[in-house]
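Work through the exercises below with the coordinates open. Each task is followed by a solution in steps.

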Amino acid sequence: PRSKSGRAVRYTIAITTITALGGLMFGYDIGVIADAKLSIQEEFGLGNVAIETVVSSVLVGSFLGALLAGRLCERIGRRQTNIFGGIVFALGCGGCALSIDFSMIVVFRVLMGIGVGFSSVAGPLYIAEIAGPGTRGAMVSIYQLAITIGIFVAFLLGLVLTPDGLWRLAFGIGSIMGGALVLGMLFMPRSPRWLFGQGRRDEARSVLVRTLGDPVEVDREFKDLSRRLEGERTLGLVEAIRSKPAGRLALVVAVGLAFLQQASGINAILYYAPEILESVGLGERKLTFTAVIGFVNMAATFIAIGLVDRVGRRPLLMVGA
């Protein structure tokens, strides 16, 4: 919006970029195992079931992390939950890099997943509450873009490191990403919505002044915060779903889209891209074409961000499906 000052826009973009490191972690977590598992299977002498367990164990951790993240976001705040996510992810990556057997790497893959689960909930939530109404959609989209960049970076590193058996270094680089998120978030403000809900209204207004810039927008957002939080106190989630058909429909659409996106099988394609490509005769160039898949995934996200406000969400979902 024209009313936003340049300083406020730059500050919001800086916050979003730091928070999007969680998305980078998420994507890197998906991509790093695709190439690394070939070396892991050979070094530890694992069968198919064992290596499939190594691959999928991170999803168990992500499930647990996402379940816990909502409660953590309310109790300690979005920023702190992001910090915890970065710490746990860094520890998980470091543990994988130092693993000496099957059990050890599975445990630390689960830990990586917990870190990703924390970040995947707290990251977009924090960005949405920091950004103003006019930039919220674009800012949240950056988190998804960061996921695809993370996948692409992991595939590129796999192309370089896997032939030399340097899979441990690939996991070690993931620790750096987790550490960067922790360090960056330490300098970020708390969510104004969380501050407001904790009764720290002056601090909430101070954050809004820095992210919105315009006093009129600050007052409007402050009033909206008050109205929304008051409504949440008087009408909880369960009551809202029971009493409002629109609420039920929104829940079905939101959960359904999230589930169907995963059920489409895209993760299987990303995790097992080298094997799929090898099975169709691209054995010598499977890592190169794996990186190409990562690039196309990332490029499509850039296109979607450019089109989402022009053509709408539903057409893009239909075309993507």
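In these exercises, contact means heavy atoms within 4.5 Å. The model is predicted.

**Exercise 1. Describe the surroundings of A154.**

Solution.
Step 1: place the residue. A154 lies in helix α6, which covers residues 136-161.
Step 2: decide between buried and exposed. Residues under 20% relative accessible area count as buried. A154 has 4% relative accessibility, so A154 is buried.
Step 3: list the partners. With neighbours within four places in sequence left out, A154 contacts Y28, G31, V32 and D35.
Step 4: compare sequence and space for one pair. A154 and V121 are 33 residues apart in sequence, and their C-alpha atoms lie 22 Å apart.

**Exercise 2. Characterise the packing of α1 against α6.**

Solution.
Step 1: recall what is needed. Two packed helices are described by the angle between their axes and the distance between the axes.
Step 2: read off both values. Helix α1 (residues 6-19) and helix α6 have axes that come within 9 Å and cross at roughly 25°.
Step 3: classify the angle. Angles under 35 degrees count as roughly parallel, so α1 is roughly parallel to α6.
Step 4: give the hand. The α1 and α6 crossing is right-handed.
Step 5: name the residues. From α1, the contact involves T12, I13, T16 and T19; from α6, M139, I142 and Y143. Sorted by class, this contact of α1 with α6 holds 4 nonpolar, 3 polar and no charged residues.

**Exercise 3. Repeat the analysis for α1 and α9.**

Solution.
Step 1: take the geometry. The axes of α1 and helix α9 (residues 201-212) are 6 Å apart, at an angle of about 105°.
Step 2: classify. The range 65 to 115 degrees counts as roughly perpendicular, so α1 is roughly perpendicular to α9.
Step 3: name the residues. On the α1 side these are A8, Y11, T12 and I15, and on the α9 side R210, T211 and L212. By class, the contact of α1 with α9 has 4 nonpolar, 2 polar and 1 charged residues.

**Exercise 4. Locate A131 relative to these helices.**

Solution.
Step 1: find its element. A131 sits in the loop between α5 (102-130) and α6.
Step 2: assess burial. Its relative accessibility is 2%, so A131 counts as buried.
Step 3: list contacts. Beyond neighbours within four places in sequence, A131 touches T12, R136 and M139. T12 and M139 also belong to the contact of α1 with α6.
Step 4: check one distant pair. A131 and T211 are 80 residues apart along the chain, with 6.7 Å between their C-alpha atoms.

**Exercise 5. Assess E217.**

Solution.
Step 1: E217 is found in helix α10 (residues 215-234).
Step 2: its relative accessible area is 11%, so E217 is buried.
Step 3: E217 and G247 are 30 residues apart along the chain, and their C-alpha atoms are separated by 27 Å.

**Exercise 6. Summarise the chain as a whole.**

Solution.
Step 1: count elements. The chain has 16 helices and 0 strands.
Step 2: test compactness. Its radius of gyration is 21 Å, close to the 20 Å that the globule rule gives for 321 residues, so the chain is as compact as a globular protein of that length.
Step 3: add the extent. The C-alpha trace spans about 60 × 45 × 40 Å along its principal axes.
Step 4: add burial and contact range. Of the 321 residues, 44% are buried. Among contacts between residues at least 6 apart in sequence, 76% join residues at least 24 apart.

Terms used:
Residues are numbered from 1 along each chain as its sequence is written. This is a predicted model: local features need pLDDT of at least 70, side-chain atom pairs count only at pLDDT 80 or more; totals for chains, interfaces and linings use all residues. Side-chain values use heavy atoms; hydrogens and water are left out. Axes are lines fitted to C-alpha atoms, for helices over the stretch in contact, and angles run from 0 to 180 degrees between N-to-C directions. Helices (H or I, at least four residues) and strands (E, at least two) are DSSP runs, numbered from the N terminus. Angles under 35 degrees count as roughly parallel, over 145 as roughly antiparallel, 65 to 115 as roughly perpendicular and the rest as oblique. A crossing is left-handed if the near helix is turned anticlockwise from the far one by less than a right angle, and right-handed if clockwise. Ala, Val, Leu, Ile, Met, Phe, Trp, Tyr, Cys and Pro count as nonpolar, Asp, Glu, Lys and Arg as charged, and the others, Gly among them, as polar. The radius of gyration is taken over C-alpha atoms; the globule rule is 2.2 Å times the number of residues to the power 0.38. Buried means under 20% relative accessible area, exposed over 50%, partly exposed in between (1.4 Å probe, protein chains only).
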